[in-house]
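Got your viewer open? Let's take a short walk through this protein, one selection at a time.

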Amino acid sequence: MAGALGFGGDLRNWSEQDPAWARVLVGQYKRIRPVVHGGVQYRLDHDAVQYLTRDEVVVFQFQPSALTRTTARTRLKGLDPDARYQDEDTGAVHEGAVLLSHGLLPLPPFDRTSELVRLRRLPL
């Protein structure tokens, strides 16, 4: 989803649940596409990339292998330190200054784990 969305594999071998899951992923991609395509991209430390518009933030974090796992937080860039940002999936509210200085929590220690974080800037 970091630029283009595609599905691979032989569709004839998909389970009954796979098409429903694909619809969920396509819907999710459509929601973040304006930010990914129109925002500023920041390549962050620790296998992460961030896209930023004035009011929206999309962050992809990747954990390629548990063997190379980092426990460091992913510090975001370009945010307004005086603004507050709400996680669109959990509802949690974060201070911009905290996201810039302390960042997001690291991913759990599993191979090939990834996370999509969607934040919306709250009005002052």
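**Stop one: a pair of strands**

Select Tyr85 and His94: His94, in strand S5, is the bridge partner of Tyr85. Before going on, know that this is a predicted model, where local features need pLDDT of at least 70, side-chain atom pairs count only at pLDDT 80 or more, and totals for chains, interfaces and linings use all residues. Residues are numbered from 1 along each chain as its sequence is written, and side-chain values use heavy atoms, with hydrogens and water left out.

Now show S4 (residues 84–87) and S5 (residues 93–95). Strands here are DSSP runs of E, at least two residues, and helices are runs of H or I, at least four, numbered from the N terminus. S4 and S5 pair in the antiparallel sense over 3 bridges; to pair, two strands need at least two DSSP bridges between them. They make a hairpin with 5 residues in between. Click Gly91 in the turn, which has a positive phi of about 85°.

**Stop two: the faces of S4**

Turn on the side chains of S4. Which ones are buried? Tyr85 and Asp87 point to one face and are buried (under 20% relative accessible area, with a 1.4 Å probe and protein chains only). Arg84 and Gln86 point to the other face and are not buried. In a regular strand the side chains alternate between the two faces of the sheet.

**Stop three: another partner**

Next, add strand S6 (residues 113–121), which pairs with S4 in the antiparallel sense over 3 bridges. Pick Gln86 and look across to Arg120, its bridge partner in S6.

Definitions and conventions:
Buried means under 20% relative accessible area, exposed over 50%, partly exposed in between (1.4 Å probe, protein chains only).
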